[in-house]
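Reader: Hey, I've got this one open in my viewer and would like a quick tour. Could you talk me through it?

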Amino acid sequence: MKAKLPWGLWWTQILAILRLEMKKNFARKRSIPVYLLAASPILLYAAHAFAHARGWNQCSGQQDLTEFAGVFQLYVLRLAIFFSAVAVFMNLFRGEVLEKSLHYYFLAPVRREILVAGKYLSGLLMTCVVFSLSTTLSYLLLMGHLRMTAARALAGPALADLPAYLGATLLACAGYGAVFLILGLLFRNPIVPTVAVLIWESILVFLPAILKKVSVIFYLESLCPVKAPFRGGGALFAVSADPTPAYLAVPGLLMLTIALLVLASLRIRRMEIRYGTE
Amino acid sequence: MSGDNHIVFDDVSKFYGDVLGVNRVQLSIPPGITTLVGPNGSGKTTLMNLMTGLVQPTRGRIRVLGIAPDDPERLFRLLGYCTQFDSFPKSLTGFDFLYTTLRLHGEGHAESCELSRNALERVNMTEPAGRRIASYSKGMRQRIKLAQAICHQPSVLVLDEPLNGLDPMARSETIALFRALAREGLHIVISSHILHEVDRISDQVVLLSNGYVVAEGQIQAVRGEMHQEHPLQVLVRCTQPGLLAARLFAQDHVVEVKMHNDRQGLLVSTRDPDLFYELLNQLVVEGAVELSSVAPADDDVHSVYEYLIGAAGGGA
């Protein structure tokens with residue numbers, strides 16, 4: 001007969017890890033670039049609304065919505081969340097190795113898989129909170145701006161797209177988080193793997209369909225409610241002419257995330273504390 | 001070897017790439033205070049990291065009271081490890097450090113608070129516990145690490161250079177704490193460079209050199225096995241040193257006798273201490289000499305260390 005798994009204990013331990021990690025994630029200096037990256041779209045749309053209110057620029061509502069899709073896909077997903085995941089998730093273990101404090105976790109009666117889960121959740125919570133706020137506020141600013149234009153009739157229906165943008169934001173944090181968690185365990189220098197992933201995510205248009213599935217942006221693009229206006233050189237960022245439907249994209253991305261977390265757990269089970277040589 | 005009450009190393013080797021950590025270690029550590037002694041790079045910390053799962057053996061098997069080090073859920077309920085790393089999770093107070101450790105053990109809020117306070121009290125850190133660890137002195141950091149290792153009331157305590165950075169008063173209190181914990185039946189494994197203190201606290205020692213265990217056991221027993229190669233030296237203070245010297249020279253087992261400058265005593269080197277003490281007793285009973293003191297001069301850890309590891313060891 002199989003022994004009963006101690007789910008209650010594991011949950012308590014995950015909460016204890018979250019308690020410790022959340023403080024670090026939100027308060028450390030390393031998080032300042034994350035806040036700046038998340039604040040940029042808010043500032044952009046605040047400035048846009050302000051300029052329109054002062055009569056400095058004219059814009060059509062439909063164009064604003066299309067441009068928001070472009071900013072969201074090119075900047076928020078591909079740059080802001082991507083590099084924030086590098087800063088947060090890559091340092092979950094690597095940062096502790098550099099600070100020589102990882103052994104305290106390894107000397108607690110905590111399964112290393114639970115440690116991976118707790119640390120990943122702490123990074124996920126932090127990035128989800130920050131970028132959900134960023135997406136919501138920037139979209140609401142856009143809606144507020146639309147209500148002041150001739151295209152005010154568009155604001156109501158467009159608001160229905162907010163949950164889809166939020167969903168894509170959360171899944172981007174989850175997917176890129178898992179990618180950079182495992183890379184933080186595998187590489188000492190974060191630059192090489194970061195550049196490699198950035199290039200991989202940027203050349204999907206040239207890759208065969210099967211390889212596109214091993215990417216985060218492939219699934220995210222399918223979830224965006226408005227097609228981004230990729231033209232000219234920007235067309236390189238169009239992942240696929242035939243996007244995957246949401247009912248496949250969401251489980252696909254979640255499966256990719258889980259696979260990466262399983263790999264991270266296997267890696268950390270074999271990890272040794274050798275700060276001098278890490 | 002009785003597995004479930006011992007810390008057992010069964011033919012354990014650890015290589016860091018091409019570099020030897022420890023090689024073919026065969027050990028069984030009983031309850032009480034066991035000290036690992038050896039120069040820098042001899043393998044003391046590697047042995048401790050192996051028994052706590054921080055590094056994994058290249059070959060061989062380790063069991064801590066019957067538990068494998070790769071089973072942290074069971075192992076760290078009964079083991080506490082105070083490492084040599086002088087680093088802590090950022091921004092924590094001494095109390096938070098212990099409290100968080102106990103929450104990781106799965107303890108509730110009230111239990112974690114109480115166990116934290118108990119551990120802080122044992123290491124005399126109650127008063128500064130509310131301050132951030134970053135503001136602590138080296139000695140305070142050492143004590144808070146010790147508190148963290150004992151806060152969950154383990155049965156096995158592994159301490160890597162626990163006396164480093166402590167002032168004489170704190171050192172004395174810490175040694176008293178180790179003794180008290182050993183009396184409670186704990187296994188305490190210590191590594192130390194401070195040989196005269198090792199002598200004061202150890203029930204047994206493990207001498208390491210270049211990754212090999214060169215001797216293990218109670219220090220007097222280890223010393224006893226070396227009498228042929230390194231005759232035991234005994235200091236004798238008595239009334240008739242000349243007479244005693246004459247009787248001793250007639251014995252085959254006596255290698256050397258040196259008269260003290262004040263002509264009130266002798267330093268005797270013997271390959272058979274039992275025969276020597278028997279002869280001494282006989283002379284006292286006969287009334288030939290009157291003794292004021294008899295004491296071995298080189299059956300301490302320092303001497304054994306010098307004989308076995310000596311100049312090659314260096315660091316200790």
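Author: Sure, we'll take chain A and then some strands and helices of chain B. Keep in mind that this is a predicted model.

Reader: Good to know. How many helices and strands does chain A have?

Author: Chain A has twelve helices and zero strands. Read along the sequence, its pattern is α-α-α-α-α-α-α-α-α-α-α-α.

Reader: What's the radius of gyration of chain A, and what would a compact globule have?

Author: Chain A has 20 Å, and a compact globule with 278 residues would be near 19 Å, so the two agree. Its C-alpha atoms fill a box of roughly 65 × 40 × 40 Å along the principal axes.

Reader: And what percentage of chain A counts as buried?

Author: 39% of the 278 residues. As for contacts in chain A between residues at least 6 apart in sequence, 85% of them join residues at least 24 apart.

Reader: Let's zoom in. How far does H12(A) reach?

Author: Helix H12 of chain A covers residues 246-269, which is 24 residues, and spans 34 Å from first C-alpha to last. That is close to the 34 Å expected at 1.5 Å a residue.

Reader: Which residues of H12(A) are buried?

Author: Leu253(A), Leu256(A), Thr257(A), Leu260(A), Ala264(A) and Ile268(A). An α-helix has 3.6 residues a turn, so residues three or four places apart point the same way.

Reader: What do those buried residues pack against?

Author: Three helices of chain A: H6 (112-147), H8 (162-186) and H11 (216-223).

Reader: How do H8(A) and H11(A) sit relative to each other, parallel or antiparallel?

Author: They pack at an angle of about 175°, with axes 9 Å apart. That makes H8(A) roughly antiparallel to H11(A). On the H11(A) side the contact is made by Val216(A), Leu220(A) and Leu223(A). The H8(A) side includes Gly167(A), Leu171(A), Gly175(A) and Tyr176(A).

Reader: OK, switching to chain B. Is strand E6 buried or exposed?

Author: Mostly covered: E6(B), residues 156-160, has five of its five residues buried. Val156(B), Val158(B) and Asp160(B) point one way, while Leu157(B) and Leu159(B) point the other way.

Reader: Which strands pair with E6(B)?

Author: Strand E5 (79-82) of chain B runs parallel to E6(B), joined by four bridges. There, Cys82(B) has Leu159(B) as its bridge partner. Strand E7 (187-191) of chain B also pairs with E6(B) in the parallel sense, over five bridges. In that pairing Leu157(B) is matched with Ile188(B).

Reader: I also see a sheet further along chain B. What's the strand order?

Author: The order is E11-E12-E10-E13, four strands in an open sheet with antiparallel pairing. E11 (254-259) and E13 (291-296) of chain B are at the edges with a single partner strand each, so one side of each has no neighbour in the sheet. On average, neighbouring strands are turned by 20° against each other, direction ignored.

Reader: How many bridges hold E11(B) and E12(B) together?

Author: Five, between E11(B) and E12(B), the latter being residues 265-270. Val257(B) stands opposite Val268(B) in E12(B).

Reader: Which helices pack on that sheet?

Author: One is H9(B), residues 241-249, touching E10, E11 and E12 of chain B, with its direction at about 165° to that of E11(B). Another is H10(B), residues 273-286, which lies across E10, E11, E12 and E13 of chain B and runs at about 145° to E12(B).

Note on methods: Residues are numbered from 1 along each chain as its sequence is written. Chains are lettered from A and ligands numbered from 1 in the order in which they are written. This is a predicted model: local features need pLDDT of at least 70, side-chain atom pairs count only at pLDDT 80 or more; totals for chains, interfaces and linings use all residues. Two strands pair if DSSP finds at least two bridges between them. Helices (H or I, at least four residues) and strands (E, at least two) are DSSP runs, numbered from the N terminus. Axes are lines fitted to C-alpha atoms, for helices over the stretch in contact, and angles run from 0 to 180 degrees between N-to-C directions. Two residues are in contact if their C-beta atoms, placed from the backbone, lie within 7 Å. The expected span of a helix is 1.5 Å times one less than its number of residues. A residue is buried if 20 or more other C-beta atoms lie within 10 Å of its own, exposed if 12 or fewer, and partly exposed in between; C-beta atoms are placed from the backbone. The radius of gyration is taken over C-alpha atoms; the globule rule is 2.2 Å times the number of residues to the power 0.38. Angles under 35 degrees count as roughly parallel, over 145 as roughly antiparallel, 65 to 115 as roughly perpendicular and the rest as oblique.
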